[in-house]
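Trainee: Got a minute to look at this one with me? I'd like to go through the charged pairs and then the empty spaces.
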Amino acid sequence: AHDHVTSEQWVIEAGDPNGKPRLIAAREANVEYQATHHGDRFYIQTNADGAEDYKIVTAPVETPDRSHWRDVVPHEPGRLLLGLPLEGPARYPLLMASGQIVNFSWRVGLTADEAEPFHSEALGIATSLGDMRAVTLVTAAYGRSLASSGSAVDYVATVTDAMKHLDPQKHVGLLAVLSAIRCHARWLAGDLPGAMADNDFALAHADKVEEVDQQTLGFAVAIWIKGLRSKVLAMMGRFDEARALAEELISGDEAVVDTLHRLLGHGTMVDIAWGRGEAALAEKHGAIAQAIADKSGNPYLLVYGRAFNALALAMNGRHSEATTLLSDTLRFARQRNAGLENEARMLADLAWVLMHAGLPDRAEATAEEAAQAARRRGAKIWLAYAEGITGGPESAVFKRLIDETGARLLAGLRIKPSA
């Protein structure tokens, strides 16, 4: 059974963005529909006519109202959309349905493993139809699931495979999007030089990204690229460059810089303060980051904002408050399946706080938990961080991981308190 709602969809001509919107079908009680456009027709997924488990209909672009709907995939109670024997453009509704499941999977708690069959289905259809925009957007959506609950190594490989389908001359804007996504994946995997190379390409071609793609992604791609760049530069120890970008995000017009990227700008400032040992700077930006997160109520932002502030509290000697805040944030992240790509770092931060609080045994046990999470997720930066706590800054493994990742911030960090 479904808790049905009503829906109503309007469209405008892509070539005439100022044109008059046209209604596909008027709102009806308990009728829900979602249309996608291909050629001279709409393909529509709907529960109309009592189709409780939904059916797919088609209608001409010029006359898309209910009277012109014709069943393409009739309703069958309990039938899944996966595996329907459709061919050619008739597979677009299946692409849309599978893509929507992938897009919402990380928000509703599905793991990357659970989302993978829908990703494979959508990607296969998009590739067979030669729809490179769909290839890009499905990859972007699945990347969020891999970041949240999968392996960063798989995340890098998935995006790299998708990029092979794109023509470097024809699809520059889409390649810019995928390069930004791979920058994120490489950041999580701990390949900072590779992340910077992807970021360089994405930043140079951000102006080629079409507005429709930015609307589908839900954010301004150029702002996202700069946010990623500030994080990577800070971890590489290139603090002045990172700070300039972070300050740009923090001071940017609210119509341009969204809440997430403004918060992450403050988070970058906390990392810079951490690397430089500037407690007052950390205190300022950590408090603002948490205030932004608390005001938003968004679980993802809450995880990041509170984690940034916990680190800032610890830098200012408030170890008990920092320990409680980090522990509560980790518990919240696991319960809500939000921001879990940051789990290994939060555990390592907690170990760092405990070490500075004079609790070395608890610190080392927590650092080992962080190392396990980092290995599971393929997150080499946080593995290096955990190794620095358990083995010390002179550890050969720690030094090797710093060289491999390029995380120079960690090399200059006071990991253990002075005797």
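Mentor: Sure, let's start with Asp 49, which counts as exposed because its relative accessibility is 60%. Keep in mind that this is a predicted model.

Trainee: Okay, and what does Asp 49 form a salt bridge with?

Mentor: With Lys 55, and the closest N and O atoms of that pair are 2.9 Å apart.

Trainee: Is Lys 55 buried or exposed?

Mentor: Buried. Its relative accessibility is 8%, and the cut-off for buried is under 20%, so Lys 55 falls in that class.

Trainee: Which residues are linked with those two in a network of salt bridges?

Mentor: The network links Glu 28, Asp 49, Lys 55, Arg 66 and Asp 71.

Trainee: Where does Lys 55 sit in the fold?

Mentor: Strand β5 covers residues 55–60, and it pairs with β4. The pairing is antiparallel and runs over six bridges.

Trainee: Which residue in β5 does Phe 42 stand opposite?

Mentor: Ala 59.

Trainee: And why is β4 described as largely enclosed by the rest of the structure?

Mentor: Because five of its six residues are buried; that's the strand at residues 41–46.

Trainee: Back to salt bridges. How many does a search of the whole structure find?

Mentor: It finds 31. One of them joins the side chains of Asp 207 and Lys 208, at 3.6 Å from N to O. Asp 207 is exposed, with a relative accessible area of 60%, while Lys 208 counts as partly exposed at 45%.

Trainee: What about a pair that's buried on both sides?

Mentor: Try Asp 271 and Arg 345, whose side chains meet in a salt bridge at 2.7 Å, N to O. Asp 271 is in helix α10 and Arg 345 is in helix α14 (residues 343–356), so this pair ties together parts that are 74 residues apart in sequence. Both Asp 271 and Arg 345 are buried.

Trainee: Nice. Let's switch to the empty spaces. How many cavities of 30 Å³ or more turn up?

Mentor: Three, from a search of the whole structure. The largest cavity holds about 140 Å³ of space. Arg 345 comes back here: among the 13 lining residues, the closest to the centre are Trp 187, Lys 231, Tyr 304, Asn 342 and Arg 345.

Trainee: Which elements each supply at least two residues of that lining, for the largest cavity?

Mentor: α5 (172–189), α10 (259–276) and α12 (299–315). By class, the lining of the largest cavity has five nonpolar, four polar and four charged residues.

Trainee: How much space lies in the second largest cavity?

Mentor: About 80 Å³. The residues that line the second largest cavity include Leu 146, Tyr 155, Leu 188, Glu 341, Arg 377 and Trp 382. Helices α3 (132–149) and α4 (152–163) are the elements that give two or more residues to that lining.

Trainee: And by class, what does the lining of the second largest cavity have?

Mentor: Seven nonpolar, two polar and two charged residues.

Trainee: Now the pockets. How much space is in the largest pocket?

Mentor: About 1,600 Å³. It has 37 lining residues, and the closest to its centre are Thr 36, His 37, Arg 133, Val 212 and Thr 216. The elements that give two or more residues to the lining are β1 (10–11), β3 (33–38), α1 (92–108), α3 and α7 (211–217).

Trainee: How do the residues of the largest pocket's lining divide?

Mentor: Into 19 nonpolar, ten polar and eight charged.

Trainee: What about the second largest pocket, how much space lies in that?

Mentor: About 840 Å³. The second largest pocket is lined by 34 residues, and Trp 106, Arg 144, Phe 219, Leu 260 and Tyr 300 lie nearest its centre.

Trainee: Which element gives the largest share of the lining of the second largest pocket?

Mentor: α3, with five residues. The elements that each supply at least two residues to the second largest pocket's lining are α1, α3, α5, α8 (221–235), α10 and α12. By class, that lining has 19 nonpolar, nine polar and six charged residues.

Trainee: So α10 keeps coming up?

Mentor: Yes. Helix α10 holds Asp 271, supplies at least two residues to the lining of the largest cavity, and supplies at least two to the lining of the second largest pocket.

Methods
Residues are numbered from 1 along each chain as its sequence is written. This is a predicted model: local features need pLDDT of at least 70, side-chain atom pairs count only at pLDDT 80 or more; totals for chains, interfaces and linings use all residues. Side-chain values use heavy atoms; hydrogens and water are left out. On a 1 Å grid over the protein atoms alone, a cavity is a set of points where a 1.4 Å probe fits but cannot get out, and a pocket is an open set with protein on both sides within 12 Å along at least five of seven lines; lining residues have an atom within 4 Å of a point. Grid points are joined across faces, edges and corners, and a volume is the space filled by probe spheres set on the points. Helices (H or I, at least four residues) and strands (E, at least two) are DSSP runs, numbered from the N terminus. Ala, Val, Leu, Ile, Met, Phe, Trp, Tyr, Cys and Pro count as nonpolar, Asp, Glu, Lys and Arg as charged, and the others, Gly among them, as polar. A salt bridge is a side-chain nitrogen of Lys or Arg within 4 Å of a carboxyl oxygen of Asp or Glu. Buried means under 20% relative accessible area, exposed over 50%, partly exposed in between (1.4 Å probe, protein chains only). Two strands pair if DSSP finds at least two bridges between them.
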